[in-house]
Amino acid sequence: MTATTGHEGLPALSGRALGIDIGGSGIKGAPVDLAAGEFAEDRVREATPQPSTPGAVADVVAGIAARWPEGPLGVTFPAVIKRGVAHTAANVDKAWIGTDVAELLRTLTGRSVHVVNDADAAGVAEARYGAAKGVQGVVVVLTLGTGIGTALLHDGVLVPNTELGHLEVDGHDAETKASDAARDREDLSWKDWAKRLQRYLETVEALLQPDLLVVGGGVSKKSEKFLPLLDLRTPVVPAGLLNSAGIVGAAALAAEAAAAEGASAG
Ligand code: BGC
């Protein structure tokens with residue numbers, strides 16, 4: 001045992017599970033090799049229907065799920081999720097608020113579906129297989145995309161639904177200024193965007209005193225353009241799974257849930 005292997009408590013996973021990631025612009029799915037934490041086959045991507053109403057989005061998810069009809073199914077959703085129900089809808093159609101996402105997808109797919117906040121799924125994947133693997137203490141995993149998603153982990157254990165992307169920074173909902181979508185929308189240089197990210201991450205740092213910050217989301221592929229411009233007390237590293245963390249985390253959580261259900265059914 002070394003000082004950095006802190007997650008012996010996580011039960012090892014094996015086999016395959018399907019992960020599907022519902023985002024503001026795309027719905028992506030792939031079967032995941034659970035021992036490796038990697039896609040077992042090529043990922044598929046469909047455009048998110050606009051408006052992104054529950055019925056239209058659920059049909060796309062069911063279509064992707066039908067390609068791989070076997071095994072546990074985990075789905076991410078970009079909102080607060082409690083017991084399968086969406087409680088917010090910052091970047092998706094407001095009709096999702098109060099929708100039992102798990103039940104809707106179970107009805108359409110005929111399978112039990114584990115639904116989780118997208119950033120929480122990414123956090124779980126980073127803790128199991130990626131940049132937060134074995135890290136003791138407090139880790140914040142951020143996904144910078146259409147919005148800002150956050151996952152808070154302590155010794156590898158997730159505290160769900162933290163929603164720190166909506167912290168108020170300089171009088172603004174942080175994600176409206178510091179998300180990757182804001183960079184795009186306002187055509188910001190990496191330097192100007194990094195200044196906003198710096199303000200945001202300083203706030204997260206001051207409030208949570210993390211031991212590690214992990215930056216994920218699509219833009220993590222270009223982390224060399226902005227991570228060196230940040231000046232924080234906390235080490236900041238790019239996500240180990242880049243943009244696949246949502247799918248991998250959803251699949252891992254679905255497999256864990258299926259195993260727990262099997263155990264309780266005796
Ligand atoms: C939502 C979060 C989500 C994040 C990333 C935010 O606007 O409130 O629930 O995790 O976007 O998609």
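Student: What does the pLDDT say about the chain in this predicted model?
Tutor: The chain of this predicted model averages a pLDDT of 95, and 96% of the residues score at least 70.

Student: Which residues have a pLDDT below 50?
Tutor: That holds for residues 1–6, a stretch with 8 contacts in the model beyond near neighbours in sequence. Where pLDDT is low, predicted coordinates should not be read in detail.

Student: What makes N117 a polar contact of the ligand?
Tutor: The cut-off for a pair of N or O atoms is 3.5 Å. A polar side-chain atom of N117 lies 3.0 Å from an oxygen atom of the ligand, so the pair counts as a polar contact.

Student: Why does E175 count too?
Tutor: Its polar side-chain atom is 2.8 Å from a ligand oxygen, and the limit is 3.5 Å, so this pair also qualifies.

Student: How much of the ligand does the protein cover?
Tutor: On its own the ligand has 310 Å² of accessible area, of which the protein covers 93%. The ligand sits in the largest pocket.

Student: What classes of residue make up the shell around the ligand?
Tutor: The shell has 5 nonpolar, 4 polar and 3 charged residues. Among the surrounding residues are P78, N91 and H166.

Note on methods. Residues numbered from 1 in each chain as written. Predicted model: local features only at pLDDT ≥ 70, side-chain atom pairs only at ≥ 80, totals over all residues. Heavy atoms only, no water. pLDDT = per-residue confidence, 0-100. Contact = heavy atoms within 4.5 Å. Near = heavy atom within 4 Å. Polar contact = N/O pair within 3.5 Å; in protein donor to acceptor, adjacent residues only side chain to side chain. Areas by Shrake-Rupley, 256 points an atom, 1.4 Å probe, with all protein chains shown as cover. 1 Å grid on protein atoms, 1.4 Å probe; cavity = no way out; pocket = protein on both sides within 12 Å on 5 of 7 lines; lining within 4 Å. Sits in = over half its atoms within 2 Å of the grid points. Nonpolar A, V, L, I, M, F, W, Y, C, P; charged D, E, K, R; others polar.
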